[in-house]
Amino acid sequence: MIGRRGILAAGGGLLAAPLAAPAVLAQAWPARPIRMIVPYTPGAATDAMARLSAQKLQEKLGVTVVVENRAGANGAIGSQAVLQAPPDGHTILGSASIHPMARHVMKAAPYDPVADFLPLARTARGPLVLVSNPRLPQTTVAQVVEAAKREPAKWTFATSSLGSAGHLASIEFNRVTGANIEIVGYRGSAPALTDVAAGNAQLMFDPVLATLPMVRGGQLRGLAIATATRTQLAPELPTAVEGGLAGFEFYSWYGVWGPRAMPREIADRINTALVSGLQEPEVVARLTGLGFEPVAETVAQAEAFIAADVARNAELLRIANFEPQ
């Protein structure tokens with residue numbers, strides 16, 4: 001028979017076991033290759049930042065990190081795949097500022113991007129460029145606004161996906177200018193930019209990584225950059241403010257998330273590896289050359305930033321009377 005003290009000791013051990021499980025899991029992690037799921041097509045800014053983040057994680061953690069593109073449903077297919085995987089740090093999400101906006105732009109988002117996901121790190125941010133089809137006669141923001149207000153049916157904004165920084169910038173453009181340009185969502189930046197280049201859509205806001213090469217190659221016309229001052233990357237581009245859009249400043253930012261149930265020790269290790277890797281001088285120079293600024297934040301700081309960013313963007317959608325689709 002076991003005495004009362006033995007029963008209490010045994011019970012204490014049973015109670016302690018679940019509490020110790022996350023710590024044990026963290027000590028054994030990573031036990032196998034890590035999958036970073038990108039919920040958009042290859043080739044755009046989100047994919048580029050995710051691949052660089054995966055490379056740095058691989059170097060810092062000494063484990064293979066495989067990037068897997070799973071596009072569709074405005075990012076929901078890839079994001080849902082991360083939630084359906086065990087929350088053990090071996091399946092994570094590489095996405096962008098669109099991710100936390102899912103519930104604000106989708107009628108039936110299959111998850112809550114804030115409650116169900118833990119931001120492991122914000123990795124970088126990049127300014128948006130307003131581009132147009134190069135065959136249009138309008139060469140300035142003011143000319144575009146005048147023409148669009150006169151004949152709105154002839155103008156369309158393409159956007160990589162609903163809730164993206166480009167989508168929000170397009171909404172704000174309409175609000176500030178009084179234009180009523182239709183906004184059409186695509187499955188990623190590449191098909192949207194292709195349609196603008198072909199003339200099937202007329203305008204688009206998208207990060208410099210994808211837009212500047214096409215502007216310099218003549219496939220697109222650069223109208224303005226959504227920064228407070230001109231950038232050394234493209235000093236020939238006027239700012240949106242110079243184009244008459246007072247206070248107009250929009251960036252897309254990028255990050256890595258895991259399921260909310262992931263052990264915090266693993267989250268902190270991923271954060272440390274990413275911040276350390278992306279602050280290396282050669283990486284900073286590479287990011288700068290692509291039009292990105294690296295971001296160095298803790299998990300808690302990333303959560304605080306995202307909460308404020310979601311509140312600001314939700315207000316933009318409310319003012320625009322946007323209905324989730």
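Which residues does S161 touch, not counting residues up to four places away in sequence? In this predicted model, the answer is Y40, N74, I98, H167 and Y186. S161 itself sits in the loop that runs between β5 (156–159) and α6 (165–177). With a relative accessibility of just 3%, S161 counts as buried, since the cut-off for that label is under 20%. There is also a link to a residue further along: S189 comes 28 residues away in the chain, yet the C-alpha atoms of S161 and S189 are separated by 7.9 Å.

Another loop serine is worth a look. S97 is found between β3 (91–96) and α4 (102–105), and at a relative accessible area of 6% S97 is buried too. Leaving out residues up to four places away in sequence, S97 touches G163, A165, S252 and W253.

Before going further, a word on confidence. The protein chain has an average pLDDT of 90, and 92% of the residues score at least 70. Strand β1 (residues 34–38) comes out highest, at 98, whereas helix α1 (residues 4–28) is lowest, with a mean of 49. Over residues 1–20 the pLDDT stays under 50, and for that stretch the model has one contact beyond four places in sequence. Where pLDDT is low, the predicted coordinates should not be read in detail.

Now for the nonpolar interior. The largest nonpolar core holds 46 residues, and within that core F173 and F248 have the most contacts. The partners of F173, again not counting residues up to four places away in sequence, are L130, V141, V145, F157, G178, I181, F205, L245 and F248. A second core, separate from this one, has 23 residues, among them V38, L61, L118 and L274.

The aromatic residues tell a related story. Searching the whole structure turns up nine aromatic pairs. One of them joins F157 and F173: the ring centres are 5.4 Å apart and the planes make an angle of 80 degrees, so the pair is edge-to-face. This pair ties together distant parts of the chain, with F157 in strand β5 and F173 in helix α6, 16 residues apart. Both ends are shut away from the surface: F157 is buried with a relative accessible area of 0%, and F173 is likewise buried at 0%. A further pair is made by F248 and F250, which is tilted, with 5.1 Å from centre to centre and 50 degrees between the planes. F248 and F250 are both buried as well. Put together, F157, F173, F205, F248 and F250 make up one aromatic cluster.

Finally, helix α9 (residues 264–278) gives a simple geometry check. At 1.5 Å a residue, its 15 residues should span 21 Å, and the end C-alpha atoms are indeed 21 Å apart, so expectation and model agree. Within α9, the buried residues are I266, A267, I270, N271, A273, L274, G277 and L278. These residues cover an arc of only 165 degrees around the axis, which means they lie on the same side of α9. One of them, L274, is also part of the second core.

Technical notes: Residues numbered from 1 in each chain as written. Predicted model: local features only at pLDDT ≥ 70, side-chain atom pairs only at ≥ 80, totals over all residues. Heavy atoms only, no water. Helix = DSSP H or I, 4+ residues; strand = E, 2+ residues; numbered from the N terminus. Expected span 1.5 Å × (residues − 1). Buried < 20%, exposed > 50% of the residue type's maximum accessible area, 1.4 Å probe, protein only. Arc of directions from axis to C-beta. Contact = heavy atoms within 4.5 Å. pLDDT = per-residue confidence, 0-100. Core = buried A, V, L, I, M, F, W, Y, C linked by side-chain atoms within 4.5 Å. Phe/Tyr/Trp six-rings, centres within 6.5 Å; stacked < 30°, edge-to-face > 60°.
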